[in-house]
Amino acid sequence: MKKQMRNSIVAIAAASIFGAGAAMADEEAELVINGEIEIVTKTAAPAHLSDALDEVMSGWRFRADLTQEMQMDDFDNPGMLWVETGLDSWVAAEGTEGKSCADCHGAAEEMAGVKAVYPKWNEDAGEVRTLQMQMNDCRTNRMGAEAWGYDKSPAINMEALLASVSRGMPVNVAIDGPGQSTWEAGRELYYTRTGQLDLSCASCHEANYGNMIRADHLSQGQINGFPTYRLKNTKLNGVHSRFKGCIRDTRAHTYSPGSAEFIALEMYVASRGNGLSIEGPSVRN
C-alpha cells in the first residue's frame, strides 16, 4: 500500500512538472557565430546512444529567438566578457616559477581542439581529468602557483577562453580504454533516479526533452556549450555547478564541483554530445 501511494505521488508530481509537448524555438535554425564560425547544433547520435536517441541537439535549439541571437555575435554575448578576463590570466606570470600559460603554450589560439576532447584519461596521473583539473595541474606543478577553485573565477574564465578558441570543432570524448570505468560510473549516475521527486538526468533530458518544465523548455542537457552565461543568474556557469543545481532540484543529496561523481558524470554527458560543435561560452536561460 505504501509503495502504491508513493508511486501515485511521484506520478502526480511528474505530471505537474512536465507540460505538454511544445514546439522548439526554431527546429531549422542554424548557428553561425560572427557570420563565420559554423556550429553543428544537430547531428546523428553517437553509436553508444543508438538505443536511446536518433539525433543529438544542442541546447541552443531549445532557446527563444532573442536568446539564440545573443550567441550569434560576440559583441552581444555576455559570456565573452569572461573570455577577455581569461585572456588576461593566460598571459599573466604567476607562481614561484614566474611563468604564464603563454610561456609554455604560446597564443591561446594554439589550444584549439583541446576543449573538445575533455574529460579524458591522463596516463601520467592514472586518472580521468577534466579541463579544469588539467589547468590546475599546470598551475601547481609547472608554475608553482596555487590551484584555482573549481568552477570559480578565474578557473571558469580560463575554461571559457579555451572553449572559445575551439568553437566549431566537434566534441570527441573517448569512452573506451582505461577511462571506460569512469565513463560507466557517469552513465550509472545519469540513469539513477534520486531525491524526493524520484528523477534521473534521463527523466528530463532523454525522456522529456522538447516538453515544458514549468516556464522552461527542456533540452537534451548537452554540455557542448559550457561554460554558459545564464540569463537567470547573470554570470558564467560551469557544468559541475549546473549538475549540482539539477540534482538539488530533485530534492536529493548533491555533490560538490570537482568531486569524483561529477567528473564521471561530465565525462559521460560530454560523450552524449560527440559530433556536436564546441560552442562555449553559450547563452542559456
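Is Glu94 buried, partly exposed or exposed? Glu94 is partly exposed, with a relative accessible area of 27%; buried denotes under 20% relative accessible area, exposed over 50%, and partly exposed the range in between, computed with a 1.4 Å probe on protein chains only. The structure on view is a predicted model, in which local features need pLDDT of at least 70, side-chain atom pairs count only at pLDDT 80 or more, and totals for chains, interfaces and linings use all residues. Residues are numbered from 1 along each chain as its sequence is written, and side-chain values use heavy atoms, with hydrogens and water left out.

**Salt bridges**

Keep Glu94 selected and add Arg139: their side chains meet in a salt bridge with an N to O distance of 3.2 Å. The term denotes a side-chain nitrogen of Lys or Arg within 4 Å of a carboxyl oxygen of Asp or Glu. Glu94 belongs to the loop between helix 3 (80-90) and helix 4 (101-105), and Arg139 to helix 5 (residues 131-143), so the pair ties together parts that are 45 residues apart in sequence. Helices (H or I, at least four residues) and strands (E, at least two) are DSSP runs, numbered from the N terminus. Arg139 is buried, with a relative accessible area of 5%.

Select Arg63 and Asp216 next. They form a salt bridge in which the closest N and O atoms are 2.9 Å apart. This pair links distant parts of the chain, 153 residues apart: Arg63 sits in the loop between strand 5 (55-57) and helix 2 (65-71), whereas Asp216 is in strand 9 (residues 216-217). Arg63 counts as buried at 5% relative accessibility, while Asp216 is partly exposed at 29% relative accessible area.

Now move to Glu279 and Arg284, whose side chains meet in a salt bridge of 3.0 Å, N to O. Glu279 counts as buried at 0% relative accessibility, and Arg284 counts as buried at 12%.

To see a network of salt bridges, select Glu127, Arg129 and Asp137, which are linked in this way. The count for the structure comes to 9 salt bridges.

**Asn211 and its surroundings**

Select Asn211, which lies in strand 8 (residues 211-213). Asn211 is buried, with a relative accessible area of 17%. Adding Asn208 shows a polar contact of 3.0 Å between the two side chains; such a contact is a pair of N or O atoms within 3.5 Å, where within protein one must be able to donate a hydrogen and the other to accept it, and residues adjacent in sequence count only if both atoms are side-chain atoms. Then add Phe62: Asn211 and Phe62 are 149 residues apart in sequence and 9.9 Å apart in space, C-alpha to C-alpha.

**Aromatic pairs**

The structure holds 8 aromatic pairs. Tyr190 and Tyr191 form one that is edge-to-face, at 5.2 Å centre to centre with 75° between the planes. Rings of Phe, Tyr and Trp (its six-membered ring) pair if their centres lie within 6.5 Å; planes under 30 degrees apart count as stacked, over 60 as edge-to-face and the rest as tilted. Tyr190 counts as buried at 3% relative accessibility, whereas Tyr191 is partly exposed at 35% relative accessible area.

Select Tyr255 and Phe262 for an edge-to-face pair at 5.6 Å centre to centre, with 85° between the planes. Tyr255 is partly exposed at 26% relative accessible area, and Phe262 counts as buried at 1% relative accessibility.

For the last stop, select Trp183, Tyr190, Tyr191 and Tyr268, which ring pairs link into a cluster.
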